[in-house]
Amino acid sequence: MSPHHYHPIGIDIHQALVPHIPVSPDLLLVEATLVMSKARGQFCTRVQANHSSNLMTLSEEASSCVLIVEEDGYLIGVLTEHDFVKFAAQQVNLYEVTVGEVMTENPIVIKYEDLTDLFFAYNLMRRHSIRHLPVVDAKNCPLGVVSMSSLRQTLNLTYFLRFRRIAEVMNYTPIVVPPHTDIIDIAQMMERHHISSVIVIDDQAVGLYPIGLVTERDIVQLQSLGLDFSKLKVADVMSTPVFCLSPETSLAEAQLQMESRRIRRIPIVDGEGELVGILSQSNLAQVLDPMEVYGIVEILHHRVSQLELARLQLLQTQENNLIKGLQHNEFELYYQPQYNLNQAGELHGLEALIRWKHPHRGYISPNEFLPLAESTGFILQLGEWVIRQACLQMVSWQQQASPVFVPPSSLSVNVSISQLDVDNFVEKFEQILAETGCRAEWIVIELTESTLVSDVGTTVATFQRLRQLGTRIAIDDFGSGYASLGYVQHFPFDILKIDRDFIQGIDLNTKTATIASSIIQMAHRLGLCVIAEGVETEAERDFLQQCNCDVVQGFLYGRPEPAQEVIRHFSPSSQVA
Ligand code: C2E
Ligand code: MG
Ligand code: MG
């Protein structure tokens, strides 16, 4: 991307320009759903477009569009979430149709050099009723996308929203449906009315009382997970409970709630809880007054550049701290037990999870430092340390094995896709096994689903070599990136770990229950062992048992603990701790 240039008045326009996802026209639609949801991945989200060598880091936000480019990089079309709802409505087979056959050709775009005025971009989008505006260079090669939500974030709206009420901008005619509506009908309705959500209402009550919400994103999620939703009803998949606000609430409050709850629309109800309208993110943007905006951003701009500098300095120091941390032995592996859900309910295995004992800050979670380790490449060194440490530990436990000390037969190690991408990963792994005396069968390698998109061919070859050694492979966080089982089947692996998001409250939430139980059934048909992550309550465990889930892991059975403590699970009678 070209260097930042600042708007004469002071907005850094390029904050509104977010990385795009280039795909080739011959990509299958099902792969496109995957690529779109991939943008939601956690840290090592690198997407390698089908044919370009364009590697990039994506934001945490889900991307609601893909750009279709030709081999030479020219933009030829776009596809948005809304298009996928249309495909659902028309029951298009996503495995048979390519992106190029159905994309919107010659989309409305803006030239990079014309992107000097965000209001120009904003008005262009409103005029054409589009939510994504590709930004292209002189040769029509895409440089990024301006989206409604990136615009909104760039022009920090809070200031303008303070004195405005929801009633001023909300949509007074939301589409409502009863809970027994077919999902297919919902998709058709969304397509027909050009809306991105429907409100589910209680059909037992007199009056319109919202009980759930179904959005475009839900439909894309069902599609990408490969679920047969022709049989599903709204009640099975709606998000519930719904968060509602009153028309009198300030827009600033509404925006705050949307951000903290990560939702994009809010049903609006009166004092009795009856539905009066719906507020969406795009309604929020309607209150912008250009003159006001320019005045305030000038002040903000100075503040932002100061913060940016401070952030860069902080990152630099933190990376040095990570390197020093490894030298000074500040990393430690914790271990979390996994239990079989069969009659015996014995210990199945352990998962090794890294911790950083920071000299001043105490224990730091991997979610905090792994993204930095990923982006700087330090993960390679750290990852090797993790594997060696895990092998040493396993060998030491196996050597102590006795009738009263029964270590588990497997230890799972999380490996980042960038470690696997390095040519000699398997050789390195074999070398560590030989050095430590660890057997390949004792180790399970976990890879997060949302990173699997990168280079399929090489990844498959690496998996095969690892499995030949006897090491098993687990796909971690399944469901979090919305990959379908059909897709992950391209990779030879042994264990499927269902993401915590689908387990939490599974006994109470029909949507996650439907999804999780179909995943378990499909996985069993493929001969995979299924592990449920993040099991916290007995009710969740009982539900999973009913669904024939094989193994559970979570706080109910034990938190991750240091090696000397986790061994209390190694007694022959060890059941639920
Ligand atoms: P993960 O591999 O999916 O690990 C499971 C995470 O869920 C762990 O977080 C664990 O502490 C947490 N967890 C387990 N049971 C429960 C539960 O019942 N409730 C809740 N709320 N959480 C539960 P942790 O240790 O913070 O690790 C976060 C992520 O960092 C891991 O997710 C993994 O992706 C990554 N990670 C951890 N260690 C390593 C490592 O050595 N190498 C690499 N590459 N990644 C690692
Ligand atoms: Mg894991
Ligand atoms: Mg996980």
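Strand E17 (residues 347-358) is a good place to start, as eleven of its twelve residues are buried. Buried here means under 20% relative accessible area, exposed means over 50%, and partly exposed is in between, with a 1.4 Å probe and protein chains only. Strands (E, at least two residues) and helices (H or I, at least four) are DSSP runs numbered from the N terminus. This is a predicted model, in which local features need pLDDT of at least 70, side-chain atom pairs count only at pLDDT 80 or more, and totals for chains, interfaces and linings use all residues. Residues are numbered from 1 along each chain as its sequence is written, chains are lettered from A and ligands numbered from 1 in the order in which they are written, and side-chain values use heavy atoms, with hydrogens and water left out.

Now look at the partners of E17. Two strands pair if DSSP finds at least two bridges between them. Strand E16 (residues 331-340) pairs with E17 in the antiparallel sense over nine bridges, and Pro337 stands opposite Leu350 in E17. E16 and E17 make a hairpin with six residues between them, and Gly345 in that turn has a positive phi of about 60 degrees. A hairpin with three residues between its strands links E17 and E18. Strand E18 (residues 362-364) runs antiparallel to E17, joined by three bridges, with Lys357 opposite Tyr363 in E18. Strand E19 (residues 411-414) runs parallel to E17, again with three bridges; there, Val413 in E19 is the bridge partner of Ala352.

From here we can move to the metal ions. Which residues coordinate the magnesium ion (ligand 2)? They are Glu351 (OE), Asn414 (OD1), Glu446 (OE) and Asp476 (OD), at 2.0 to 2.3 Å. Donors are N, O and S atoms within 2.8 Å of the metal (3.2 Å for Na, K and Ca); water is not among the atoms, so sites may look incomplete. Along the chain, the donors of this ion follow the spacing E-x62-N-x31-E-x29-D. Asn414 lies in strand E19 and Glu446 in strand E20 (residues 443-448), so the pair ties together parts that are 32 residues apart in sequence. Glu446 is buried, with a relative accessible area of 1%, whereas Asn414 is partly exposed, at 28%.

The magnesium ion (ligand 3) lies 4.2 Å from the magnesium ion (ligand 2), and Asp476 coordinates both. The protein donors of the magnesium ion (ligand 3) are Asp476 (OD), Asp477 (OD), Glu533 (OE) and Glu533 (OE), 2.0 to 2.4 Å from it. Their spacing along the chain is D-D-x55-E. Asp476 sits in strand E21 (residues 472-478), and Glu533 in the loop between strand E23 (529-532) and helix H22 (538-546), so this pair ties together parts that are 57 residues apart in sequence. Asp476 and Glu533 are both buried.

Another residue to find is Asp507, in the loop between helix H20 (500-503) and helix H21 (510-525). Asp507 is partly exposed, with a relative accessible area of 31%. Where does Asp507 make contact, leaving aside its neighbours within four places in sequence? The residues are Ala539, Glu540 and Phe543, where contact means heavy atoms within 4.5 Å. Asp507 and Ala539 are 32 residues apart in sequence, yet 6.2 Å apart in space, C-alpha to C-alpha.

Elsewhere, an open sheet of four strands has the order E2-E5-E6-E7, with mixed pairing. Strand E2 (22-23) and strand E7 (104-105) are its edge strands, each pairing on one side only. Strand E6 (residues 75-80) and E7 run antiparallel, joined by two bridges, and Val78 is opposite Thr104 in E7.

How many disulfides does the structure hold? The number is zero, a disulfide being a pair of cysteine sulfur atoms within 2.5 Å. For Cys529, the nearest cysteine sulfur is that of Cys549, 8.0 Å away. For Cys547, the nearest is also that of Cys549, at 7.9 Å. Cys547 is buried, with a relative accessible area of 16%.

Finally, step back to the whole protein. The secondary structure comes to 23 helices and 25 strands, and 55% of the 577 residues count as buried. Among contacts between residues at least 6 apart in sequence, 68% join residues at least 24 apart.
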